[in-house]
Amino acid sequence: MTIRTLFFPWSAGGGAGYTGRGLAAADRLDERFSCAFGPSAVTRMVAEAGYSVVGTPSPGGPPQKVPAFLPFTDVERVFAATARYYRKSVLADHLARDLAAIDAYRPHIVVTDMQPTAVLAARLRGLPVVSLADTDFLYDTPHPWMPWNTADPKKLLPHPDAIEAIGELASEHGLAPVRHVRDLLWGDRTVVPSSPEVEPAPIAPDGRSEAVFVGPLYWDPPGPPFQPERKAGTHHVYVTIGSGGMVTERALREVLKALDRPDFTVFLSAGFAASDWVREHRNVQVGGFTGITGPIGWADLVLSHGGYSTVLASLEQGRPQVVLPFMSEQEANGRYFVERHGAGLVARTTEVDPVDGTLTYVNRHGGRTSDPVVPAVEIARTVDEVLGDGGFAERAGYAREALARDRAAGDLSEVFASVLR
């Protein structure tokens, strides 16, 4: 029997990393499986990978204006702030969209990566759910995306609760109550694309299996890994600070200005589009969506926004990192996966006033500020700090063996198939 498997990655306000994780998981399934992607996926990536997209995306798309830093305290705040899931009309539209895709493809398994309406749709059709999740999706502790924060989440992002609306929609369809975001993020099987040495395993809720760690899941386009050009006698720096509204042009300008030195060769991953001005820097090579395996392997240093896949891939390849986050989970990845282990530094962190929720930026070199963009001179000092201390390079691979172990042991085909038994 062919096991038809339909992936629903999160897309509101982002999506490439989530779609890439689904593609990487699909590629690791054996010949028993046939895979497709629901309408929340980044269609261009899915097409390049050779899979099909089933269903029609909802109108609207991601927000046009996004703050320079997004202080999400947990996944519920993401649902509320980026998808407006406190509005039952939006939820109902996305539930109908996901149900239509399920009915068209008729899968045996639904795979979700933080997409709650796909979980509700699967439950309505009586289908098992495999959840792809970071561990900070899964905890029931306060503020798992910002553990350093003690302010009320609504002081940071004053949107109504999304879980209340999701629970009401579930009840209207005769489904079990949804009381906490974990009710949607733990699947019949839950897969964490990491290792416990990087992020400890949370305790599974009653009635759910323990999470399975399977090592990193990130996707590169077909073909040999892309390799930027090397220049002898220089430091090779891979720059990837995300795409979309969260990354301002001014922030990227400061990064490239900080690296505009004759002893640096820079490769910039610009995603699906690059502005002409980035080519003004003669030491910068510009690439589109190249994947990350080749550029990280080429680099002496990875300067990134702290995206989950980039951080894990850099740890897997043992490359020291400078993290310049544009949202709270990226900051947490830099603080806890990188800096805590001496594998690199976070160039800018945040502090939150516990009473009024005021957000203050704290640059590693420069101190407290209200400006979300780190000046080039301060980025340069952080880069020099990492490159000038060989201990960072020595510690950068602290999780390499664990990640390789869990990648080798993580039989995704068996994990997926187990939900059908």
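This tour moves through a predicted model, from its sheets to its cores and then to two individual residues.

**The six-stranded sheet**

Begin with the open sheet of 6 strands, whose order is S2-S1-S3-S4-S5-S6 and whose pairing is parallel. Select residues 33–37 for strand S2 and residues 212–213 for strand S6; these are the edge strands, each pairing on one side only. Next, colour strand S4 (residues 129–132) and strand S5 (residues 189–192), which run parallel and are joined by 3 bridges. Within this pair, display serine 131, which stands opposite threonine 190 in S5.

**The largest nonpolar core**

Turn now to the side chains. The largest nonpolar core has 65 residues, and Trp10, Phe79, Met114, Leu120 and Phe137 have the most contacts inside it. Several elements give two or more residues to this core, among them strand S1 (3–9), helix H3 (75–81), helix H4 (88–105) and helix H5 (116–124). Helix H7 (162–172), helix H8 (182–185), H11 and helix H12 (328–338) also belong to that group. In soluble globular proteins, nonpolar side chains tend to be buried together.

Centre the view on methionine 114. Leaving out residues up to four places away in sequence, methionine 114 touches Trp10, Tyr18, Val75, Val78, Phe79, Leu132, Phe137, Trp145 and Leu185. A second, separate core has 30 residues, including Val237, Ala251, Trp277 and Ala380.

**A buried threonine in helix H5**

Select threonine 117, which lies in helix H5. Is this residue, threonine 117, buried or exposed? Threonine 117 counts as buried because its relative accessibility is 0%, and the cut-off for burial is under 20%. Its side chain makes a polar contact, at 2.6 Å, with the side chain of aspartate 98. To see the surroundings, add Tyr85, Leu91, His94, Leu95, Arg97 and Asp98, with which threonine 117 is in contact when neighbours within four places in sequence are set aside.

**Strands S7, S10 and S11**

Move to strand S10 (residues 301–304), which is covered on both faces. Show Leu301 and Leu303 on one side, then Val302 and Ser304 on the other; all are buried. S7 and S10 run parallel and are joined by 4 bridges. In this pairing, threonine 240 stands opposite serine 304 in S10. S10 is also joined to strand S11 (residues 321–323) by 3 bridges, and these two strands run parallel. Here leucine 303 has valine 322 in S11 as its bridge partner. Follow the chain from S10 through helix H11 (residues 308–317) to S11: this β-α-β crossover is right-handed.

**Glycine 242**

Select glycine 242, in the loop between strand S7 (235–240) and helix H9 (249–258). Glycine 242 is partly exposed, its relative accessible area being 32%. Add alanine 16 and draw a C-alpha to C-alpha distance: the two residues are 9.4 Å apart in space, although 226 residues apart in sequence.

**The three-stranded sheet**

End at the open sheet of 3 strands, ordered S13-S14-S15 with antiparallel pairing. Its edge strands are strand S13 (348–352) and strand S15 (367–369), each of which pairs on one side only. From one strand to the next, the twist averages 35 degrees. Strand S14 (residues 359–363) runs antiparallel to S15, and 3 bridges join them. As a last selection, display tyrosine 361 together with threonine 369, its bridge partner in S15.

How values were computed. Residues numbered from 1 in each chain as written. Predicted model: local features only at pLDDT ≥ 70, side-chain atom pairs only at ≥ 80, totals over all residues. Heavy atoms only, no water. Buried < 20%, exposed > 50% of the residue type's maximum accessible area, 1.4 Å probe, protein only. Pairing = 2+ DSSP bridges. Axes fitted to C-alpha atoms, helices over the stretch in contact; angles between N-to-C directions. Right-handed = clockwise from strand over helix to strand, strands pointing away. Core = buried A, V, L, I, M, F, W, Y, C linked by side-chain atoms within 4.5 Å. Contact = heavy atoms within 4.5 Å. Polar contact = N/O pair within 3.5 Å; in protein donor to acceptor, adjacent residues only side chain to side chain.
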